[in-house]
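Biologist: Before I use any of the labels attached to this model, I would like to hear the reasoning behind them. Could you take me through them one at a time?

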Amino acid sequence: MLRPDCATKSLYWPVMGPEFIHLRVHTAYSLSEGAIKIPQLIDLCREHGMPAVGVTDTNNMFGALEFSMAAADAGIQPIVGCQIDVRLSHDNWELNNHNGCGTHEKLILLVKNGAGYQNLMELISDAFVTTQ
């Protein structure tokens with residue numbers, strides 16, 4: 001539900017209660033998919049009383065450190081993640097870090113702890129190195 005009477009900067013931000021947490025936000029680091037910059041995202045979360053927010057930029061974690069630090073400084077729980085594109089090839093799922101032709105599925109991965117963060121970083125790095 002959107003409220004057109006809200007301030008312009010939050011016109012397209014759904015009005016939710018504090019128990020709702022966005023887990024699939026794409027920032028400007030999601031090339032061609034997201035437009036919101038991290039400081040604006042944190043301001044909106046604060047304005048709407050959101051205790052946490054999840055950023056899942058597509059096929060990269062370029063903004064993870066900036067997001068984590070800005071959210072923590074604002075008293076908002078950062079949930080780091082990534083949306084990765086995968087394609088079925090030879091009966092195996094393969095990472096596909098480019099938006100080329102062909103069908104692909106989107107897989108959302110959220111970090112639970114330090115080990116999860118390390119695993120996700122390795123997965124994303126491997127995707128950049130091994131895919132064409």
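Biologist: Why is Arg-87 called partly exposed?

Modeller: This is a predicted model, and the label follows from a computed value. Arg-87 has a relative accessibility of 27%, and partly exposed covers what lies between under 20% for buried and over 50% for exposed, so Arg-87 counts as partly exposed. Arg-87 belongs to strand β2, which spans residues 77-89, and its C-alpha is 8.9 Å from that of Lys-106, although 19 residues separate the two in sequence.

Biologist: What makes the contact of Lys-106 with Asp-85 a salt bridge?

Modeller: The closest N and O atoms of Lys-106 and Asp-85 are 3.7 Å apart, and the criterion asks for a Lys or Arg side-chain nitrogen within 4 Å of a carboxyl oxygen of Asp or Glu, so the pair qualifies. The bridge links distant parts of the chain, with Lys-106 in strand β4 and Asp-85 in strand β2, 21 residues apart. As for exposure, Lys-106 is partly exposed at 45%, whereas Asp-85 has a relative accessible area of 0% and is therefore buried.

Biologist: How many salt bridges does the structure hold, and how do you know that Arg-46 and Asp-43 form a salt bridge?

Modeller: The structure holds two salt bridges. For Arg-46 and Asp-43 the N to O distance is 3.5 Å, and the cut-off is within 4 Å, so the side chains of Arg-46 and Asp-43 meet the definition. Both residues lie in helix α1, three residues apart, which is about one turn of the helix. Arg-46, with a relative accessible area of 49%, is partly exposed, since the exposed class begins only over 50%; Asp-43, at 36%, is partly exposed as well.

Biologist: Why are Phe-62 and Phe-128 described as a stacked aromatic pair?

Modeller: A search of the whole structure finds one aromatic pair. In it, Phe-62 and Phe-128 are 6.4 Å apart centre to centre, with 25° between the planes. Ring centres must lie within 6.5 Å to pair, and planes under 30 degrees apart count as stacked, so both parts of the description follow for Phe-62 and Phe-128.

Biologist: Where do Phe-62 and Phe-128 lie along the chain, and what makes Phe-62 exposed and Phe-128 partly exposed?

Modeller: Phe-62 sits in the loop between β1 (52-58) and α2 (64-73), and Phe-128 in helix α3 (residues 114-130), so that the pair links distant parts of the chain, 66 residues apart. Phe-62 has 55% relative accessibility and counts as exposed, because that label applies over 50%. Phe-128, with 41%, is partly exposed.

Biologist: How do you know that Ser-30 is buried, and what does its side chain meet?

Modeller: Ser-30 has a relative accessible area of 0%, and buried means under 20%, so the label applies to Ser-30. Ser-30 is placed in the segment before α1 (38-47). Its side chain is joined to that of His-26 by a polar contact of 3.0 Å, and, leaving aside residues up to four places away in sequence, Ser-30 touches Thr-56, Asp-57 and Thr-58.

Biologist: Why does the pairing of Gln-83 with His-26 count as a polar contact?

Modeller: The side chains of Gln-83 and His-26 make their contact at 3.3 Å, and the limit for a polar contact is within 3.5 Å, so the distance satisfies the limit. Gln-83 is in strand β2 and is buried, with a relative accessible area of 2%. Not counting residues up to four places away in sequence, Gln-83 touches several others, including Arg-24, Glu-33, Lys-106 and Leu-107.

Biologist: What makes Ile-21, Leu-23 and Leu-110 a nonpolar patch?

Modeller: Patch members need over 30% relative accessible area, and nonpolar side chains are joined within 5 Å. Leu-110, in strand β4 (residues 105-110), is partly exposed with 40%, so Leu-110 passes the area cut-off. Together, Ile-21, Leu-23 and Leu-110 have about 210 Å² of accessible area.

Biologist: Which elements make up the protein as a whole, and in what order do they run?

Modeller: The protein has three helices and four strands, which run α-β-α-β-β-β-α from the N terminus on. Of its 132 residues, 36% are buried, and the accessible surface comes to about 8,100 Å², with 58% belonging to carbon and sulfur atoms.

Note on methods
Residues are numbered from 1 along each chain as its sequence is written. This is a predicted model: local features need pLDDT of at least 70, side-chain atom pairs count only at pLDDT 80 or more; totals for chains, interfaces and linings use all residues. Side-chain values use heavy atoms; hydrogens and water are left out. Helices (H or I, at least four residues) and strands (E, at least two) are DSSP runs, numbered from the N terminus. Buried means under 20% relative accessible area, exposed over 50%, partly exposed in between (1.4 Å probe, protein chains only). Patches are made of residues with over 30% relative accessible area and no salt bridge: like charges are joined within 9 Å, nonpolar side chains (Val, Leu, Ile, Met, Phe, Trp, Tyr) within 5 Å. Accessible areas come from the Shrake-Rupley method with a 1.4 Å probe; for residues, only the protein chains shown count as cover. A polar contact is a pair of N or O atoms within 3.5 Å; within protein, one must be able to donate a hydrogen and the other to accept it, and residues adjacent in sequence count only if both atoms are side-chain atoms. Contact means heavy atoms within 4.5 Å. Rings of Phe, Tyr and Trp (its six-membered ring) pair if their centres lie within 6.5 Å; planes under 30 degrees apart count as stacked, over 60 as edge-to-face and the rest as tilted.
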